[in-house]
Amino acid sequence: MREWLPLLIVGAVIGVFSTVFIIAYALIKDKKEAIGFDRNMKDGELAKRLLRYARPYVLNFVIVGILMVFAISNEIISPLIVAKIQRIIASEGFTIPPLIVAVCVYASILIMALACSYFQAIILQKTGQKIISAMREDLFTHIESLSHSQLNNIPVGKLVTRVTNDTNGISMMFTNIIVNLTKNCFVIIGVLIAMLCINYMLTLMVLCFVPFIVLFTVIFRKFSRKAHRKVKDGTTDINTFLSENLSGMKVIQIFNREDSKMDEFSAKNRKLEKARRGQMFVFSIFRPTVYMLYVASVLCLFFLGCKGYIDGWRVLGQTVTADVLVAFYMYIQRFFNPIQTLAEQFNWLQSAFASAEKIFSILDMKPEVVDEEDAIELNEIRGEIEFRNVWFSYIPNEWVLKGVSFKVEAKQTVAFVGSTGSGKTTILSLLCRNYDIQSGEILVDGINIRKIKISSLRKHFGQMLQDVFLFSGTIRSNITLREESYTDEEIMEVCRYVNADKLIAKLSGGLDEEVRERGNNFSAGERQLISFARTLIHRPEVMILDEATANIDTETEVLIQDSLDKMMNVGTMLMVAHRLSTIQKADNIIVLSHGEILEQGTHDELLKRRGSYYNLYTLQYMKESAQKA
Ligand SMILES: Nc1ncnc2c1ncn2[C@@H]1O[C@H](COP(=O)(O)OP(=O)(O)O)[C@@H](O)[C@H]1O
Ligand SMILES: [Mg+2]
């Protein structure tokens, strides 16, 4: 009995660990979120869609497969060679030459295996990055095709996470996980076969540890999934928070909200930190535990091996000798390692699938505003616009436009007037089909805009909005929007037209002056002038101005007013302006209230009617005279 004591001790330690883990496993709250990655798509479907991206690189994967075979055979053959070396050294008539041969064989196999894994890694990285960049491009193109209302519904930070983090997760899958997973499976099988060939009994001993590895792995998976999900949620959370608050940083500073925002941020940051620590903790328990099993099995190997050697055990013609022990010592490590990483890799695979699902769920969002099948291309338009009994709501049943009808003849200028929230911006954005209307018709040149290809429709519209978005780049790239065909002369001509030439002349870099993110190195008025140039250079037949003249200093306003007067003769113009003086020259003024048209007519007609326009006008007129006085 006493001589079996070491085995008993090993068994007792493993038993205690298993019991503790099982109790911990049973105690953890079995919430649904802790179990899975909350997936709706089947693994098979996801794998099929992922493989579609990998298909162009089949050849690369075949090469990797061949290289992998070398790597696997190295794992299996090298212990045999080491055992052989041991036999040579221990043999009675020991001479150096056979030893040198054996060592050379061992070394060359090792070098070959290293070279194989080097090339394998290079090929995989290249392929993986290509696959991922294709995926990122698809994702970006798709996001571009989403309608305004769909984009409003997804926080920008979430989209950023999809395009960056989630694609990275998938890249890991192609560069690392799939290959290692396959390799590990084959190594486990190969090592098992090799061990069986050498010694049944010792193989059986090694296999005794497998159920424990499986048990620990199952437990580990549950914990690690939970930890992983927390990390993912935390990352998305922080990205969303950052992208919103970095854009709104000025507001935060103006309102002195730095401290409270900082508190909010550090709460989220701490949450992520805790989640990451939790994840590390799970791994830091799992890896040593499996290592403990490995050490225990090596101990058992030495114990049983030596005992078998001394007692001269013989099972089915196999004996235990020193070289068998050496080979087994190496095999055990080659057996445990892949099993341990297998569990982790399955986990990464799961998380890559979860990322894939998130990406595909965005790719699966059907763009709401799409071309109809029989949509036509419009090369030129006159610029006639008509709304026929248009009903529209952003949120079901909360009508923003209630039966709006009006007609704009070609080259006319029409102005919309009404209090904030009356639906002016909505009318203008419906024209370009940023949203689809629920009922009624919008006609351009007598053609329903649903029957016109969206790209060809938007080509004819130039929109100038109150808050101009400038991209980082140069003045030139912001005016031409990276369309190369415009010459400097053409650009300057447009700039002169909208009175932006003096602004550009003032800049040291001229057209190549740098524009920083969102154009924050220019004033609102300057940005507005650049946006006028941007719109006009594309020669739109219909121009849309939404409060483009609000918040602008008087000096720039004179310039803008002048360029507006010029623009009025170029094409159809629909405008919203708070200052009623800017719209007096309009051919038609439409007065809106709560999504309905109250009255319409020219400035003089409306004044004569003494309706709501008259009231608005007198109010503003009185205010302005009071200011002047
Ligand atoms: N993206 C949106 N989602 C939901 N409601 C919106 C959206 N945009 C505007 N609204 C609502 O539609 C109404 C009209 O808005 P808008 O057309 O912007 O008015 P304005 O006349 O001031 O330009 C407002 O009550 C506003 O709350
Ligand atoms: Mg508006």
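How many bridges join β8 to strand β11, and in which sense do the two strands run? In this predicted model, four bridges join β8 to β11 (residues 542–546), and the two strands run parallel. Within this pairing, F461 of β8 has V542 of β11 as its bridge partner. The side chains of β8 (residues 461–464) alternate in direction: F461 and Q463 point one way, G462 and M464 point the other way, and all are buried.

Upstream of β11 in the chain, the loop between α18 (524–537) and β11 contains R539. The phi angle of R539 is near 45 degrees, a positive value in a residue other than glycine. R539 has 12 C-beta neighbours inside 10 Å and therefore counts as exposed, the limit for that class being 12 or fewer.

A separate sheet is formed by four strands in the order β4-β3-β6-β7; this sheet is open, and its pairing is antiparallel. The edges are occupied by β4 (399–408) and β7 (447–448); each has a single partner strand, so one side of each lacks a neighbour in the sheet. Helix α13 packs on this sheet, where it touches β3, β4 and β6, and the direction of α13 makes about 65 degrees with that of β4.

The pairing of strand β3 (residues 385–393) with strand β6 (residues 439–444) is antiparallel and extends over five bridges. In this register, E386 stands opposite L443 in β6, and W391 stands opposite S439 in β6. The pairing of β3 with β4 is likewise antiparallel and comprises seven bridges. Here E386 stands opposite K407 in β4. E386 thus has L443 opposite in β6 and K407 opposite in β4.

Two residues with positive phi are associated with this part of the sheet. The hairpin of β3 and β4 has five residues between the strands, and in this hairpin N397 adopts a positive phi near 70 degrees. N389, located in strand β3, has a positive phi of about 45 degrees although it is not a glycine. Because 13 C-beta neighbours lie inside 10 Å, N389 counts as partly exposed.

The surroundings of ligand 1 include residues from helix α13 (residues 424–431), which contributes the largest share of the shell, three residues. The shell consists of N152, Y394, I395, V400, G418, T420, G421, S422, G423, K424, T425 and T426. By residue class, the shell around ligand 1 divides into three nonpolar, eight polar and one charged. Helix α13 thus both provides the largest share of this shell and packs on the sheet through β3, β4 and β6.

At the level of the whole chain, the domain assignment gives domain 1 (42–363) and domain 2 (372–458 + 585–629). The C-alpha centres of these two domains lie 60 Å apart. Helix α7 (residues 156–198) contains F186. With 18 other C-beta atoms within 10 Å, F186 is partly exposed. The C-alpha atoms of F186 and I362 are separated by 36 Å, and the two residues are 176 residues apart along the chain.

Conventions: Residues are numbered from 1 along each chain as its sequence is written. Chains are lettered from A and ligands numbered from 1 in the order in which they are written. This is a predicted model: local features need pLDDT of at least 70, side-chain atom pairs count only at pLDDT 80 or more; totals for chains, interfaces and linings use all residues. A residue is near a molecule or strand if its C-beta atom, placed from the backbone, lies within 6 Å of it. Ala, Val, Leu, Ile, Met, Phe, Trp, Tyr, Cys and Pro count as nonpolar, Asp, Glu, Lys and Arg as charged, and the others, Gly among them, as polar. A residue is buried if 20 or more other C-beta atoms lie within 10 Å of its own, exposed if 12 or fewer, and partly exposed in between; C-beta atoms are placed from the backbone. Two strands pair if DSSP finds at least two bridges between them. Domain bounds come from an automatic or database domain assignment. Two residues are in contact if their C-beta atoms, placed from the backbone, lie within 7 Å. Axes are lines fitted to C-alpha atoms, for helices over the stretch in contact, and angles run from 0 to 180 degrees between N-to-C directions.
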